[in-house]
Amino acid sequence: MPIQLIYRSRALCSFDSKDLMHFASRLEGRNRLLEISGLLLFDGRYFLQLLEGEEVVIDNLYKKIGRDSRHTDLVLLLRDPIPHTHFCNFQMSAMDVRELQGLSGRNAWSLLGSSLGIAWNRDHRSERIIEAFARGRWRDPTSAVAWSIDGETEVETYPSEPVWIGTKPLADNIPVNFAFQPIVHAKERRITSVEALLRGPNGESPYAVLKALQGNQLYEYDLTSKGSAIALASALHIDCVLSVNLLPMSLVFNEGAVDYLLQECDKNKWPRERFLVEITEEEAITHFDEFIVAVRKLRAAGIQVAIDDFGAGHAGLSLLADFQPDKLKIDKRIIQGVCANGARQAIVRSVVEFCFCLGITVVAEGVEAVEDWRWLQAAGIRRFQGYLFARASLNSVTAVTWPQ
Ligand code: C2E
Ligand code: MN
Ligand code: MN
């Protein structure tokens with residue numbers, strides 16, 4: 001199984017751009033033999049290296065890297081399974097990020113991409129970690145290189161009519177419906193993902209539906225209903241990421257759960273990269289070992305993972321110390337009223353900073369008040385879900401209203 005590993009370290013030798021290129025090309029020869037690819041960044045003081053290859057090979061190499069006397073203060077930033085490698089030909093592209101200083105946002109971004117040979121899609125944590133390093137913000141927020149990479153304004157919504165795909169033979173033939181709610185990038189005015197929320201035959205809440213099920217039936221229903229969510233999303237012509245909610249146990253107790261999800265994606269021509277699984281903070285903590293097993297399977301299949309309702313549980317920070325998701329959704333109990341509450345503001349600021357450094361996308365949930373949205377926007381949050389923008393609607397996606 002291939003994995004991706006990113007670490008940061010402090011240089012003990014002095015390096016200029018030329019030394020760096022020379023160094024990287026020497027690494028390349030060795031990496032070719034080991035079938036390792038990746039990239040190397042240097043900012044004058046710190047290195048950031050990304051390595052991709054077979055798990056055992058990468059882990060061995062990382063041990064060796066730890067003994068290298070040319071650097072110190074090794075910090076592991078990411079070590080996750082991946083479905084396939086991103087950097088081909090066993091190359092080790094390198095860049096001195098000091099070359100980006102003084103460039104405008106778009107220019108800096110494209111120079112970084114072309115120097116490293118990356119076609120940015122910013123869907124992967126590794127790219128966001130590279131971005132954080134290149135901007136220098138991980139070290140000192142005030143010294144961050146001020147380049148903006150927000151895209152063009154693009155107004156895009158799905159004012160769709162409901163689609164009814166009928167009863168599917170699930171547990172006890174319970175008909176399955178989903179309400180869909182957009183998650184938006186408010187500045188760019190676009191829908192970045194749509195969350196599928198389970199509903200009963202008459203639009204009942206997810207709690208009411210799930211409460212009626214017990215034991216294996218619950219987990220089976222939770223999983224198989226996602227086949228309907230994908231089919232509905234496909235029928236609604238949704239063309240962004242589809243988020244679904246799952247209990248971690250639904251991924252553990254159903255044999256072949258991840259294969260089932262992949263098969264449903266393929267059946268509905270839904271690309272795996274546009275499929276995301278949300279797991280609540282509370283469940284991730286209470287079933288941590290099972291949760292980690294499930295997440296490794298999802299990641300190895302190229303499916304993204306989000307932590308839902310962050311801040312609603314009671315061990316959120318210790319969870320993040322051991323596991324970093326692709327996306328983190330801050331719970332509405334922290335978001336609502338943030339514009340006038342010092343404690344909530346301090347919490348949100350620290351979560352944003354943490355997520356930025358580790359390449360985790362932040363979503364603010366339950367945004368209802370325009371004042372809260374303004375504060376969150378100023379604090380650096382770009383993605384929002386809440387009644388202010390759009391409500392969840394049964395078997396359809398309603399148009400988004402964009403606050404001024
Ligand atoms: P969630 O995943 O945090 O979903 C967001 C919930 O917040 C949804 O409630 C949504 O309608 C509501 N919401 C969205 N914007 C706002 C807002 O501005 N203000 C307020 N007050 N609420 C807002 P919903 O649909 O009742 O879902 C409740 C929970 O049920 C979900 O919370 C999720 O944890 C769970 N759930 C939903 N579908 C499934 C599923 O298929 N499987 C499992 N295991 N759980 C599910
Ligand atoms: Mn959710
Ligand atoms: Mn939530």
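These are my notebook entries on a predicted model, covering its metal sites, salt bridges, a surface patch and two residue pairs.

**Ground rules**

I number residues from 1 along each chain as its sequence is written, and I letter chains from A and number ligands from 1 in the order in which they are written. Because the model is predicted, local features need pLDDT of at least 70, side-chain atom pairs count only at pLDDT 80 or more, and totals for chains, interfaces and linings use all residues; side-chain values use heavy atoms, with hydrogens and water left out.

**Entry: manganese ion (ligand 2)**

I looked up the protein donors of this ion first. Donors here are N, O and S atoms within 2.8 Å of the metal (3.2 Å for Na, K and Ca); water is not among the atoms, so sites may look incomplete. For the manganese ion (ligand 2) I found Glu-195 (OE), Asn-245 (OD1), Glu-278 (OE) and Asp-308 (OD). They lie 2.0 to 2.2 Å from the ion. Along the sequence, the donor residues are spaced E-x49-N-x32-E-x29-D. Asn-245 sits in strand S8 (residues 241-245) and Glu-278 in strand S9 (residues 275-280), so this pair ties together parts that are 33 residues apart in sequence. I take helices (H or I, at least four residues) and strands (E, at least two) as DSSP runs, numbered from the N terminus.

Next I checked how covered these two donors are. Buried means under 20% relative accessible area, exposed over 50%, and partly exposed in between (1.4 Å probe, protein chains only). Asn-245 is partly exposed, because its relative accessibility is 23%. Glu-278 has a relative accessible area of 1%, so I noted it as buried.

**Entry: manganese ion (ligand 3)**

Which residue bridges the two manganese ions (ligand 2 and ligand 3)? I found that Asp-308 does, and that the ions lie 4.1 Å apart. The manganese ion (ligand 3) has as protein donors Asp-308 (OD), Asp-309 (OD) and Glu-365 (OE), with Glu-365 (OE) listed twice. These donors lie 2.0 to 2.4 Å from the ion. Their spacing along the chain is D-D-x55-E. Asp-308 is buried, because its relative accessible area is 4%. Asp-309 is partly exposed, at 23% relative accessibility.

**Entry: salt bridges**

I counted a salt bridge where a side-chain nitrogen of Lys or Arg lies within 4 Å of a carboxyl oxygen of Asp or Glu. By this rule I get 19 salt bridges. I looked at three of the pairs.

Arg-296 and Glu-55 meet through their side chains at 3.4 Å, N to O. This pair links distant parts of the chain: Arg-296 is in helix H10 (residues 288-300) and Glu-55 is in helix H2, 241 residues apart. Arg-296 is partly exposed, at 30%. Glu-55 is partly exposed too, at 24%. Both belong to a network of salt bridges that links Glu-55, Asp-59, Arg-79 and Arg-296.

Arg-98 and Asp-96 form a salt bridge at 2.7 Å, N to O. Are its partners buried or exposed, in part or in full? Arg-98 is partly exposed, at 36% relative accessibility. Asp-96 is buried, at 2%.

Asp-222 and Lys-226 form a salt bridge at 2.9 Å, N to O. Both lie in helix H6 (residues 215-235), four residues apart, about one turn of the helix. Both are buried.

**Entry: a positive patch**

I then turned to the surface. Patches are made of residues with over 30% relative accessible area and no salt bridge; like charges are joined within 9 Å, and nonpolar side chains (Val, Leu, Ile, Met, Phe, Trp, Tyr) within 5 Å. Arg-26, Arg-30, Lys-63, Lys-64 and Arg-67 form a positive surface patch. Helix H1 (17-34) and helix H2 (55-66) each supply at least two of its residues. Lys-64 lies in helix H2. With a relative accessible area of 55%, Lys-64 is exposed.

**Entry: two residue pairs**

Ser-396 is in the segment after strand S14 (393-394), and is buried at 6% relative accessibility. Ser-396 and Ala-233 are 163 residues apart along the chain, and their C-alpha atoms are separated by 8.5 Å.

Ile-330 lies in strand S11 (residues 327-330), and is buried at 1%. Ile-330 and Ala-231 are 99 residues apart in sequence and 28 Å apart in space, C-alpha to C-alpha.

How values were computed:
Areas by Shrake-Rupley, 256 points an atom, 1.4 Å probe, with all protein chains shown as cover. Lys, Arg positive; Asp, Glu negative; His and termini not counted. Charge placed at Lys NZ, Arg CZ, Asp CG, Glu CD.
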